Amino acid sequence: MEETHLRHMKALLGSYAHSVEDTHVQIGQVHEEFKQNIENVSVEMLLRKFAESKGTGREKPGESGQPSGIAMWGCG
C-alpha cells in the first residue's frame, strides 16, 4: 500500500513539474513578444496615438479661425 501511494505521489509530482515547465516556456514566449513589441514602438508613434486618443493635433494653431488664447483672455 505504501509503495503504491509513493508511486502515485511521484507521478503527480512529475506531472506538476511538467506543467510548471510548460508554463515557464509560455511565459518566455510572451516575454520575447513583449520585448519585440517595445522595440517596434517609436516615440513618434506613441505621440500620434496620444494625440488621436485625446482628439488633439488635428489642426495647426491659428487655423480654426478662433482668436488665440492670449487675445481671448485680454492679455495681449
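Hi everyone, this is a short walk through one chain, from its overall make-up to its salt bridges.

Please keep in mind that the model is predicted. The mean pLDDT of the chain is 86, with 82% of residues at 70 or more. Where is confidence highest, and where is it lowest? The high point is helix α1, residues 2-40, at a mean of 97, and the low point is helix α3, residues 69-72, at 51.

Now the layout. There are three helices and zero strands, so from the N terminus you read α-α-α. Of the 76 residues in the chain, 1% are buried. The accessible surface is about 7,500 Å², and carbon and sulfur atoms account for 60% of that.

Let's look at helix α2, residues 43-54. With 12 residues at 1.5 Å each, α2 should span 16 Å, and its end C-alpha atoms are 17 Å apart, which agrees. Just one of those 12 residues is buried, so α2 lies largely in the open. After α2 comes Gly-55, with a positive phi near 75 degrees.

On to the side chains. How many salt bridges does a search of the whole structure find? Two.

One joins Arg-7 to Glu-3, at 2.6 Å from N to O. These partners sit four residues apart in helix α1, about one helical turn. Arg-7 is exposed, at 54% relative accessibility, and Glu-3 is exposed too, at 52%.

The other joins Glu-32 to Lys-35, at 3.2 Å from N to O. Both lie in α1, three residues apart, again about one turn. Here Glu-32 is partly exposed at 38%, and Lys-35 is partly exposed at 35%.

Thanks for listening!

Note on methods
Residues numbered from 1 in each chain as written. Predicted model: local features only at pLDDT ≥ 70, side-chain atom pairs only at ≥ 80, totals over all residues. Heavy atoms only, no water. Helix = DSSP H or I, 4+ residues; strand = E, 2+ residues; numbered from the N terminus. Expected span 1.5 Å × (residues − 1). Buried < 20%, exposed > 50% of the residue type's maximum accessible area, 1.4 Å probe, protein only. pLDDT = per-residue confidence, 0-100. Areas by Shrake-Rupley, 256 points an atom, 1.4 Å probe, with all protein chains shown as cover. Salt bridge = Lys/Arg side-chain N within 4 Å of Asp/Glu carboxyl O.
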